[in-house]
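Good morning, everyone, and thank you for making time for this. Today I would like to talk about charged side chains and where they pair up, so please have a look at the model with me.

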Amino acid sequence: MNSNWIAIRDEIKRRVLDRELLPGAKLPNDQELAEEFQCSRTTVQRAMLDLAQSGTVDRRRKGGTTVTLHPITRTTFDIPITRLEIEAAGKDYSYFLVSRDIRVSPPRIASAFGLAEPTEMLHVQALHMADKQPYIFEDRWIVHATTPEVLDVDLSRESANEWLIRNRPYSDCEVRFLAKRATRQEAELLASDVEEALFVIERTTWINDAPITMVRAIAKPGYQLVARAR
């Protein structure tokens with residue numbers, strides 16, 4: 001079955017992460033991989049270029065391709081349902097829909113999805129609360145062309161965070177962590193000071209090549225993110 005370069009890249013990366021290919025191991029040459037994946041050598045070379053740029057493999061003109069000697073750690077990221085996160089801490093969860101409208105996305109949002117130009121999306125802002133205190137302010141863009149069912153969801157009763165996790169699985173996710181100064185709206189909703197530094201988790205998801213959602217989860221002052229490596 002024919003494969004595109006992304007499928008080949010992901011399969012080679014899987015073999016490395018699953019230790020089927022050990023550090024320093026030599027990979028088959030491009031022609032042999034092209035025969036295995038039933039594709040052109042150009043497709044294999046595109047996949048190998050990406051793997052080399054990410055540090056997964058080393059490419060040498062006369063030495064072939066080998067798995068990099070640097071250790072690679074598998075990282076997994078589970079998008080949390082905010083309600084469950086709050087309830088797991090023993091607190092009462094509540095939710096408030098701040099706004100919901102369909103509008104043309106700003107260029108920054110279109111760029112995050114890899115879109116050539118801004119397009120019409122569902123824009124949702126909501127506040128998650130713990131024991132009636134602000135917890136996370138969610139500023140979200142949803143590509144309803146990919147997820148048309150969301151337009152029928154009553155987002156005043158069910159958060160987009162929970163609905164999307166339960167109903168729209170993703171194949172690719174990009175996560176960024178950053179700090180930003182609170183805007184006047186954010187300061188008011190999160191009971192913080194204007195210009196105070198706030199912790200932000202920014203997530204963008206796709207199903208195959210189709211964009212799903214991009215969200216900025218802006219946490220209250222003092223919020224802590226805990227992660228465990230296994």
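Let me begin with one pair, and please keep in mind that this is a predicted model. Aspartate 30 and arginine 59 form a salt bridge, in which the closest N and O atoms are 3.0 Å apart. Because aspartate 30 belongs to helix H2 (residues 30-37) and arginine 59 to strand S1 (residues 57-60), the pair ties together parts that are 29 residues apart in sequence. Are these two partners buried or exposed? Aspartate 30 is buried, with a relative accessible area of 12%, whereas arginine 59, at 35%, is partly exposed.

Now to a second pair, where the side chains of arginine 9 and aspartate 50 meet in a salt bridge with an N to O distance of 3.5 Å. This pair also links distant parts of the chain, since arginine 9 sits in helix H1 (residues 5-17) and aspartate 50 in helix H3 (residues 41-53), 41 residues apart. Arginine 9 has a relative accessible area of 16% and aspartate 50 one of 17%, so, with buried meaning under 20%, each of them counts as buried.

A third salt bridge joins lysine 180 to glutamate 186, with 2.7 Å between the closest N and O atoms. Here lysine 180 is buried at 16% relative accessibility, and glutamate 186 is buried at 7%.

Finally, salt bridges can share partners, and in this way Glu11, Arg14, Arg15, Asp18, Glu20 and Glu36 are joined into one network. Over the whole structure, the search finds 18 salt bridges.

Terms used. Residues numbered from 1 in each chain as written. Predicted model: local features only at pLDDT ≥ 70, side-chain atom pairs only at ≥ 80, totals over all residues. Heavy atoms only, no water. Salt bridge = Lys/Arg side-chain N within 4 Å of Asp/Glu carboxyl O. Helix = DSSP H or I, 4+ residues; strand = E, 2+ residues; numbered from the N terminus. Buried < 20%, exposed > 50% of the residue type's maximum accessible area, 1.4 Å probe, protein only.
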